[in-house]
Amino acid sequence: MALLIASDLNKDMAGQPLLRGVSFKLERRERMTIAGRNGAGKTTLLRMLAGETSIDRGELSVAKGVRIALHDQRPPRERAIPLREYLLSGCAEELQIEAELSELETKMAAGTADEAMLTRYAGAQARLEARGGYLWRNRATAMAHGLGFAEADLDRPLDTFSGGQLTRASLARALATGADVLLLDEPTNHLDIEAIDWLGRHLRDRTENGRGAVIVVSHDRWLLDTVCERTWEVDRGQVHSAEGGYSAYVLAQAERERGEEAAERRRRNLARKELAWLQRGARARSTKAKFRVEAANALIAAEPPARDSVELTRLATVRLGKTVIELEDVSVAVPADGGLRRLLEHVTWQLGPGERVGITGVNGSGKTSLLNLLAETSGPGLVAEGTVVRGKTVRLAYLSQELAELDPDQRVREAVEEVRLRIRIGDREVSAGQLLERLGFSTERQWTRIGDLSGGERRRVQLLRLLMDEPNVLLLDEPTNDLDIETLTEFEDLLDGWPGTLVVVSHDRYFLERVTEHVMALLGDGRLSFLGGGVDEYLDRIRAARAGSTGGPTPPPAAPSVPKSSAAEERTARKELQRLERQLDRLKVRETELTALLAANATDYEKLTALGAELRAVQTEKSDLEDRWLTIAAEFE
């Protein structure tokens, strides 16, 4: 059943066209993402679907009884109420049904019940049961726990929470509604890696168990690949659709751009490079349909590795020398509750030339304090003991979460060029204007006042100013905040050719896997632990620690799982997959033959008509078989 049907939606902003002719159908159990650059209209489209922004032209149909919940990063309006009350306020219908049942029960207890009252009571009970019964209150608590709130937080007033906690509270409220359609705008903002992992599993379980559909706008590519099964790209007012999550979106983008003019060659090459990374990537992206893998491999056959690690390390050694930063028996503490809380205890670590290190860890474990220590920047009340040695040739740049203020009256290009006009990245020399264009600033936009930029654009200017200073050691604290996916891929491409030492703190696990060579973790035990298995090992350690602990918030109960197929059923399914693959191979051969015949008979109308009809039939059958293949394969991933 279609939950939403949009027909020819149009929207103008400030007198300029933003969305043009957007049409789609959203079915139950669908999980999809909306991709596109900042300002393309993604948030506006979500608000149009939620009924919070008007539609200039076109029609949006919502199926009867379908409930829609929107999380769009706006903080809660109510601030004096406790978190628990705020979460439950999103469940207005459940609250109304409970009030009705309470009123009826009071009358029935007084002996005034009649047949009409009993019928009304039974109807209210049925409506509440359809919304999860009396467990709906537990659902709100489970959502809060999954997003990192402790039990004690539920009774705290909202005005005692930080901005990041309020954003998480808004997300928990949307998840707790039990809505049929969830619209989530950047849901991973202010979430750590563990909470993002929980959110991905929750959204999959929520839809697979028949509870509606999900539309996500996010720059977190791991979440998109893990959760979403369809992608809409908003580009210049139009919407392009692709099956699958981020990987499929990049493939469709590369295929589409392959036929464009030479002026788009740069973006096409970048998409091919991103595909190469996806194909070589972590195990989370390894399960792909055979016919999609073949298409991707055909595009990236000649694509070299993203980085020549040996060459970059050699260049970094020449520029830096053997010593970069070394910690010897270092301990770090910060003020807490009238005393000091230890973050690091007797840590010894050598950061070498050309190393690319990702740092992850639980909130409050000291990730930012570690970067402050490496950068010789004193955080609030930071107390450090031990020996820190820095190489004589170290030229360090530090991107903190608290960005330095820029002159709001200065032009974008002026702000970058005052640092340096040109820099060398790898074996290429690029100008400030070229770098600005790569990170999304058109020639016209480069002369915009900084005061007129969005938060994401100002962050891009800061990144470029750091790179233009030609550092050989780069420390990045949550660098992906407020950056869209296209800007992120360009930034990653810049880092691919940069030969210095890199340390990144990020909750964006895709970015960590993409730009670093290994991951280290702060697990709250005062140590800096090497993780050979990367982020997956980090999550395994966190879960194991929680499973063995008696304190802390209880994780939300897992959704009922579908029983695993028997060995005999699995063998049957594998045979069916092989049969489908043989049929697909035959159809692909026939599709190629028919395409060649169409070209050879371009002047014969009758033959063209017959061949065209056969080609459409072959393509339809091929599409049906691919859908069947995906349905069966999904049961054994």
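Q: How much of helix α5 is buried?
A: Mostly covered: nine of the eleven residues in α5 (136-146) are buried. Buried means under 20% relative accessible area, exposed over 50%, and partly exposed in between, with a 1.4 Å probe and protein chains only. Helices here are DSSP runs of H or I with at least four residues, strands are E runs of at least two, and both are numbered from the N terminus.

Q: Before we go on, what kind of model is this?
A: A predicted model: local features need pLDDT of at least 70, side-chain atom pairs count only at pLDDT 80 or more, and totals for chains, interfaces and linings use all residues. Residues are numbered from 1 along each chain as its sequence is written, and side-chain values use heavy atoms, with hydrogens and water left out.

Q: OK, which residues of α5 are buried?
A: W136, R139, A140, T141, A142, M143, A144, H145 and G146.

Q: What do they pack against?
A: Five helices are listed: α2 (83-89), α3 (92-109), α4 (115-130), α6 (163-176) and α7 (193-208). Contact means heavy atoms within 4.5 Å.

Q: What does G148 do just after α5?
A: G148 takes a positive phi of about 100°.

Q: And on the other side, where is R131?
A: R131 sits in the loop between α4 and α5.

Q: What does R131 touch?
A: R67, E93, E94, I97, W136 and R139, leaving out residues up to four places away in sequence. W136 and R139 are also among the buried residues of α5.

Q: How far is R131 from G178?
A: They are 47 residues apart in sequence and 7.2 Å apart in space, C-alpha to C-alpha.

Q: Switching to sheets. What is the strand order in the open three-stranded one?
A: β11-β10-β13, with antiparallel pairing. Two strands pair if DSSP finds at least two bridges between them.

Q: Why is one side of β11 and of β13 left without a neighbour?
A: β11 (339-351) and β13 (383-390) stand at the edges and each has a single partner strand, so one side of each lacks a neighbour in the sheet.

Q: How many bridges join β10 to β13?
A: Seven, with β10 covering residues 325-336. E326 stands opposite V389 in β13.

Q: Which strands does α13 lie across?
A: Helix α13 (367-375) lies across β10, β11 and β13, at about 130° to β10. Axes are lines fitted to C-alpha atoms, for helices over the stretch in contact, and angles run from 0 to 180 degrees between N-to-C directions.

Q: Last one: how many helices and strands in the chain?
A: 21 helices and 20 strands. Buried residues make up 49% of the 637 residues.
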